[in-house]
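Colleague: Could you take one part of this model and describe it closely for someone who works at the bench? Please then place that part in its surroundings.

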Amino acid sequence: MPAAARLGREGLGSPGGALPSRPHRQPFTSRRAWFSCKSDAANGKLGNGACSGGLPPAAGEGAALQLPRSACEVPCGKAVDNRNAAQWPHKSDIYILRSDGHSCTRETVLPSGNLQFACPSSQQQLLVWKTRPRRVMVLKKLGDELMEEYIDVLRYLGEELEMRVVVEPHDYQALEGLCMEWVDTYALSDLPRLHEFVDFIVCLGGDGLMLHAASLFGPALPPIISFKLGSLGFLTTHDYTEYRRHLHNVVHGCRELASCQLMAAGDEQPLRGVHITLRMRLQCEIWRDGGRQAAECFEVLNEVVLSRGANPYLSKIEVYEHDALITKVQADGVMLATPTGSTAYNVAAGGSMVHPSVPSILLTPICPHSLNFRPVILPDYVELELRIAPDARCPAVVCFDGRDSRELLQGDSIKVRMSPNPVPTINNADQTTDWFASIQRCFQWSERVEQLPMNSMLLNRATNGGGSGSYGAGPGSSNGSSLGTGGALDSTLTSVGSMLSSVEADV
């Protein structure tokens with residue numbers, strides 16, 4: 001007897017090799033009853049379709065167990081379901097593990113349920129002061145053209161809202177002699193800790209002033225309210241003529257979240273605040289060839305651009321994601337932009353406009369030497385590396401938000417990921433309303449002359465077959481102008497033909 005069979009019969013550790021008594025096991029039955037056809041004794045072929053039900057033969061045993069002919073009469077070779085779907089066992093339970101790179105949660109999906117999003121990836125945010133703000137920083141763009149507006153805001157904050165105001169050192173010197181005892185300034189050594197004392201920032205200028213505020217405070221940036229006093233002002237959503245109302249609303253709150261009714265502990269009133277947008281920044285590290293740690297680190301609000309600079313040759317840049325090569329860029333350069341920066345250099349280079357609350361990183365080539373290299377939008381969890389190819393003909397220049405620039409040699413690289421430190425900006429209405437208002441105001445997005453309605457005369461002409469084609473409104477429209485009829489089209493074609501004939505005659 002084979003060893004395996006002997007071991008199975010004798011068992012392990014049983015006296016005399018005898019197996020302990022066990023209850024009789026029922027034979028295996030599947031969900032389908034199998035049938036074997038009886039052979040025709042006369043010609044050795046299948047019979048007339050009569051089958052007898054049976055079970056599949058067991059290993060090492062004889063023929064299949066035959067059931068009486070009356071058990072089932074079905075055509076040969078077919079199977080019969082003896083259970084419907086309602087009697088099937090439920091499918092297995094599964095887990096969905098959710099991770100944002102910083103935390104991990106586990107969610108059980110029951111067999112009776114569907115896979116669903118737990119919540120949107122981004123939500124509306126409401127800024128609510130736990131205690132009344134006491135100190136505000138006011139910034140204005142360089143020059144004296146906004147000095148009058150600047151002083152008005154300082155007086156309102158200090159005299160009416162009774163707040164301490166912080167200004168930049170060069171502006172503090174310009175305010176000497178105005179007797180504003182509530183105005184303070186700071187030393188350069190105070191910048192690393194300035195965010196610990198400033199509740200929010202007021203910007204009087206354009207988008208560049210907001211970039212200046214972001215670079216001034218570094219990672220920890222207080223909320224920013226910006227007023228349109230610059231040239232374009234895509235990020236400046238508040239009208240300066242109503243600065244009193246806007247600043248009062250920031251200090252005392254004016255809005256509630258419809259889906260989040262929280263009450264104040266003291267007076268049991270709903271918490272009121274202002275809507276804010278948490279604008280994603282990019283954390284950029286410069287790595288030199290052969291270096292074991294980052295040489296420098298920057299945080300950008302708009303974009304990081306790697307280009308050929310003043311070199312006459314194309315840049316050759318290798319793009320990696322988690323150490324996996326994605327592509328090699330041969331172009332004037334390539335940029336990585338945030339959703340906030342998507343409406344800046346990115347849109348000028350042919351990239352898409354992305355809402356600032358969409359968590360994403362935009363990869364946009366700059367004048368690529370390829371017709372099929374299109375911009376792409378990546379999720380915010382990617383970790384990208386832009387490396388100067390070892391066989392590149394020239395070094396490259398990296399620029400952060402159009403301010404700081406460094407030269408990268410062959411083998412150097414920059415590593416880019418989402419920064420954990422956003423830029424909080426105070427909304428005028430809410431995130432979406434402000435964004436659409438900005439792209440319509442600054443870019444005239446989706447604006448065109450509206451198509452005029454069809455009038456009764458044109459409808460009659462089209463129905464009766466009059467004219468060779470009608471476009472726009474006819475003479476019977478409210479403005480009394482004809483944008484084009486069949487007769488006008490014919491006269492235009494006649495004029496063009498006459499011009500061509502005269503040209504041919506001159507030749």
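**The cavity lining**

Modeller: Helix 7 provides the largest share of the lining of the largest cavity, namely 4 residues. The model is a predicted one, in which local features need pLDDT of at least 70 and side-chain atom pairs count only at pLDDT 80 or more, whereas totals for chains, interfaces and linings use all residues. Residues are numbered from 1 along each chain as its sequence is written, and side-chain values use heavy atoms, with hydrogens and water left out.

The structure holds 1 cavity of 30 Å³ or more. A cavity is a set of points, on a 1 Å grid over the protein atoms alone, where a 1.4 Å probe fits but cannot get out, and a lining residue has an atom within 4 Å of a point. The largest cavity contains about 130 Å³ of space, a volume being the space filled by probe spheres set on grid points that are joined across faces, edges and corners.

There are 17 lining residues, and Leu235, Thr237, Arg279, Asn427 and Asp434 lie nearest the centre of the largest cavity. By character, the lining divides into 7 nonpolar, 7 polar and 3 charged residues. Here Ala, Val, Leu, Ile, Met, Phe, Trp, Tyr, Cys and Pro count as nonpolar, Asp, Glu, Lys and Arg as charged, and the others, Gly among them, as polar. At least two lining residues each come from strand 11 (224-228), strand 12 (274-279), strand 24 (423-426) and helix 7 (431-443). These elements are DSSP runs numbered from the N terminus, with helices (H or I) of at least four residues and strands (E) of at least two.

Strand 11 leads from the lining into its surroundings, since isoleucine 225 is found in that strand. Isoleucine 225 counts as buried because its relative accessibility is 0%; buried means under 20% relative accessible area, exposed over 50%, and partly exposed in between (1.4 Å probe, protein chains only). The C-alpha atom of isoleucine 225 is separated by 5.1 Å from that of isoleucine 426, although the two positions lie 201 residues apart along the chain. Apart from neighbours within four places in sequence, the contacts of isoleucine 225 are Phe200, Ile201, Val202, Cys203, His238, His246, Leu247, Val250 and Ile426, where contact means heavy atoms within 4.5 Å. One of these partners, cysteine 203, counts as buried because its relative accessibility is 2%. Cysteine 367, by contrast, counts as exposed at 53%. The whole structure has 0 disulfides, a disulfide being a pair of cysteine sulfur atoms within 2.5 Å.

Two helices pack against these strands. Helix 4 (residues 207-217) is mostly covered, with 8 of its 11 residues buried. The buried set is Asp207, Leu209, Met210, Leu211, Ala213, Ala214, Leu216 and Phe217, and these residues pack against strand 7 (135-140), strand 10 (200-205), strand 11 and strand 24. Glycine 218, just after helix 4, takes a positive phi of about 80°.

In helix 5 (residues 243-252), the buried residues are Tyr243, His246, Leu247, Asn249, Val250 and Val251. They pack against helix 2 (147-160), strand 10, strand 11, strand 12 and strand 24. Glycine 253 follows just after helix 5 and takes a positive phi of about 85°.

Most residues other than glycine have a negative phi. Glutamine 444, however, has a positive phi of about 50°. This residue is found in the loop between helix 7 and helix 8 (456-464), and glutamine 444 counts as partly exposed because its relative accessibility is 44%. Aspartate 323 also has a positive phi, of about 70°, and is found in the loop between strand 16 (315-321) and strand 17 (324-337). With a relative accessible area of 69%, aspartate 323 is exposed.

Another such residue belongs to a hairpin. Strand 21 (residues 396-400) and strand 22 (residues 404-408) pair in the antiparallel sense over 5 bridges; two strands pair if DSSP finds at least two bridges between them. Phenylalanine 400 stands opposite aspartate 404 in strand 22. There are 3 residues between the strands, and aspartate 401 in this hairpin takes a positive phi near 55°.

For the wider setting, the chain has 9 helices and 24 strands. Of its 507 residues, 35% count as buried. Among contacts with a separation of 6 or more, 58% join residues 24 or more positions apart.

Definitions and conventions
On a 1 Å grid over the protein atoms alone, a cavity is a set of points where a 1.4 Å probe fits but cannot get out, and a pocket is an open set with protein on both sides within 12 Å along at least five of seven lines; lining residues have an atom within 4 Å of a point.
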